Amino acid sequence: MTDDYYRVALPDSELPTQWYNIIPDLPAPPPPPLHPGTLAPAGPDDLAPLFPMALIMQEVTGDSYVDVPGGVLDVLRLWRPSPLFRARRLEQALDTPAKIFYKYEGVSPAGSHKPNTAVPQAFYNHQEGVTRLTTETGAGQWGSALAFACAQYDMACEVWQVAASYRQKPYRKTMMEVWGAEVHSSPSEVTEYGRGLLAANPDHNGSLGIAISEAVAVAASDPGTRYALGSVLNHVLLHQTIIGEEALKQLAMVGETPDLLVGCTGGGSNFGGLSFPFLREKLAGRMNPVIRCVEPAACPSLTKGEYRYDFGDTGQMTPLLKMHTLGHSFIPDPIHAGGLRYHGMSPLVSHVYDLGLVEATAISQSECFAAALQFARTEGIVPAPEPTHAIAAAVREALACKESGEGKVILTALCGHGHLDLAAYEHYLSGKMVDLDLSDEALAAALADVPDLERTA
């Protein structure tokens with residue numbers, strides 16, 4: 001192909017029909033989740049009150065590839081394969097010799113990458129007779145995706161949205177309700193845990209950890225209800241690898257290989273989905289990209305957190321996960337990237353980071369929004385606040401290439417559009433945005449609540 005392309009589209013026939021599981025290709029397996037009571041490795045029976053057995057088996061599978069069911073492919077075809085773009089106009093504005101590619105996931109019905117896992121999670125639950133799913137959401141992208149997915153299988157959906165985002169992004173709530181979901185601000189009056197937090201602080205900003213606790217509590221109390229998680233766990237990252245598998249094919253179509261891959265990283269699903277197929281190729285010696293996680297300076301679990309066992313939720317209802325954590329009691333500042341405001345990192349992303357296979361950096365939100373404006377004014381797409389972190393990292397690298405003269409190939413995933421996040425842009429454009437970096441004192445206070453287990457367990 002000539003070098004005059006902007007958009008690389010895969011034909012419908014090239015939609016991946018298998019998800020990729022990176023665990024068998026790693027030099028060592030990740031540590032298992034632990035039962036919070038016995039501290040023994042959690043087994044399928046421990047997870048059965050929350051997840052259908054098909055997803056539990058995917059969580060622990062040793063197979064390198066898992067077939068995508070036909071019933072899932074039928075829904076994914078509404079928007080997949082998603083396009084890969086070369087950001088030529090951004091390259092020109094930066095006057096860089098680098099080539100910048102972005103995999104655009106904002107073409108999904110919910111406007112983000114989240115339906116890639118919401119659809120199979122709803123499908124498997126529906127197959128096992130589940131009639132309602134509960135979940136948490138930060139910015140509302142995951143809640144929107146699950147509401148859409150449940151509508152495809154005629155299931156009820158109940159969502160707890162972090163209070164700070166519930167107030168910042170009211171139209172996310174409306175979108176969820178359009179698809180039939182019931183939405184609560186978290187902490188809520190629905191659960192005993194939420195009521196206790198509101199009694200102590202009626203203006204509580206909430207956190208993803210608190211919202212998880214509320215959604216888990218409701219799911220565990222009803223045999224017809226299960227819980228769905230939008231990030232963090234192995235099966236979620238497995239479903240998202242459809243992003244990286246498509247991107248590999250698209251770059252091959254134009255004869256390109258990435259030198260650097262950057263992805264925004266909150267719970268890890270977007271980053272893992274893009275990067276794991278490329279990490280497979282790197283481990284096999286077929287390419288050698290630098291792979292970099294980019295997280296918010298206000299919630300830097302990889303760059304400032306500790307790698308140890310911690311609860312996935314604030315109410316200590318989940319299994320203990322070995323992950324980079326800021327402490328399950330940590331309440332992040334209300335930055336606009338609500339989807340990145342999680343106290344922990346995916347155990348699988350944490351593991352590959354601990355193995356030295358990927359890098360990590362943290363960027364403050366004002367730099368992210370400055371890069372987002374430059375991207376929007378050149379490429380035309382208004383990014384969601386979450387991928388602005390990856391865009392900022394790509395801009396940093398492109399400007400470094402301008403100084404060095406290197407023509408690197410940079411790949412990122414634009415995991416969603418920001419059409420329902422314009423209040424964040426108004427905040428930046430009006431000069432009201434403030435950078436919120438995590439202090440050592442706040443980190444130490446939150447880590448003090450983490451269970452005192454052997455940190456190398």
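Modeller: Let's start with a yardstick: a residue is buried under 20% relative accessible area, exposed over 50%, and partly exposed in between (1.4 Å probe, protein chains only). This is a predicted model, where local features need pLDDT of at least 70 and side-chain atom pairs count only at pLDDT 80 or more, while totals for chains, interfaces and linings use all residues. Residues are numbered from 1 along each chain as its sequence is written, and side-chain values use heavy atoms, with hydrogens and water left out.

Biologist: Okay, what makes E177 partly exposed?

Modeller: Its relative accessible area is 36%, and that sits between the 20% and 50% limits. K173 has 22% relative accessibility, so it counts as partly exposed too.

Biologist: How do you know that E177 and K173 form a salt bridge?

Modeller: A salt bridge needs a side-chain nitrogen of Lys or Arg within 4 Å of a carboxyl oxygen of Asp or Glu. Here the closest N and O atoms are 2.8 Å apart, so the pair passes. The two residues are four apart in helix 8 (residues 170-178), about one helical turn. Helices here are DSSP runs (H or I, at least four residues), as are strands (E, at least two), numbered from the N terminus.

Biologist: How many salt bridges does the structure hold?

Modeller: There are 21. One of them links the side chains of E246 and K103, at 2.7 Å from N to O. E246 is in helix 12 (residues 242-253) and K103 in strand 5, so this pair ties together parts 143 residues apart in sequence.

Biologist: Why are E246 and K103 called buried?

Modeller: E246 has 0% relative accessibility, so it counts as buried. K103 has a relative accessible area of 0% as well, so it goes in that class too.

Biologist: What makes R292 and E397 a salt bridge?

Modeller: Their side chains meet at 3.4 Å, N to O. R292 belongs to strand 11 and E397 to helix 16 (residues 388-404), so they tie together parts 105 residues apart in sequence. R292 is buried at 19% relative accessibility, and E397 is buried at 12%. Elsewhere, salt bridges with shared partners join R80, K103, E105 and E246 into one network.

Biologist: How do you know that E214, in helix 10 (residues 208-220), has no salt bridge?

Modeller: The nearest side chain of opposite charge is R195, 7.4 Å away, and that misses the 4 Å limit. For charge, Lys and Arg count as positive and Asp and Glu as negative, while His and the chain ends are not counted. E214 is buried all the same.

Biologist: Then what joins E214 and S188?

Modeller: A polar contact of 2.7 Å between their side chains. The term means a pair of N or O atoms within 3.5 Å; within protein, one must be able to donate a hydrogen and the other to accept it, and residues adjacent in sequence count only if both atoms are side-chain atoms. Q161, in strand 7 (residues 156-162), has a side chain that reaches the backbone oxygen of G138 at 3.3 Å. Q161 is buried, at 0% relative accessibility.

Biologist: Why is strand 10 (residues 260-264) called largely enclosed?

Modeller: Five of its five residues are buried, so the rest of the structure largely encloses it. L260, V262 and C264 point one way, L261 and G263 the other.

Biologist: What makes strand 10 and strand 11 (residues 290-296) a pair?

Modeller: Two strands pair if DSSP finds at least two bridges between them. These two have five and run parallel, so they qualify. One bridge matches C264 with V294. The open sheet has seven strands in the order 1-4-5-15-10-11-14, with mixed pairing. Strands 1 (7-8) and 14 (359-363) stand at the edges with a single partner strand each, so one side of each lacks a neighbour in the sheet.

Biologist: And what makes a nonpolar core?

Modeller: Buried Ala, Val, Leu, Ile, Met, Phe, Trp, Tyr and Cys residues joined through side-chain atoms within 4.5 Å. The largest core has 88 residues, and V119, Y227 and F278 have the most contacts inside it. Apart from it lies another core of 28 residues, among them L90, A390, A398 and C415.
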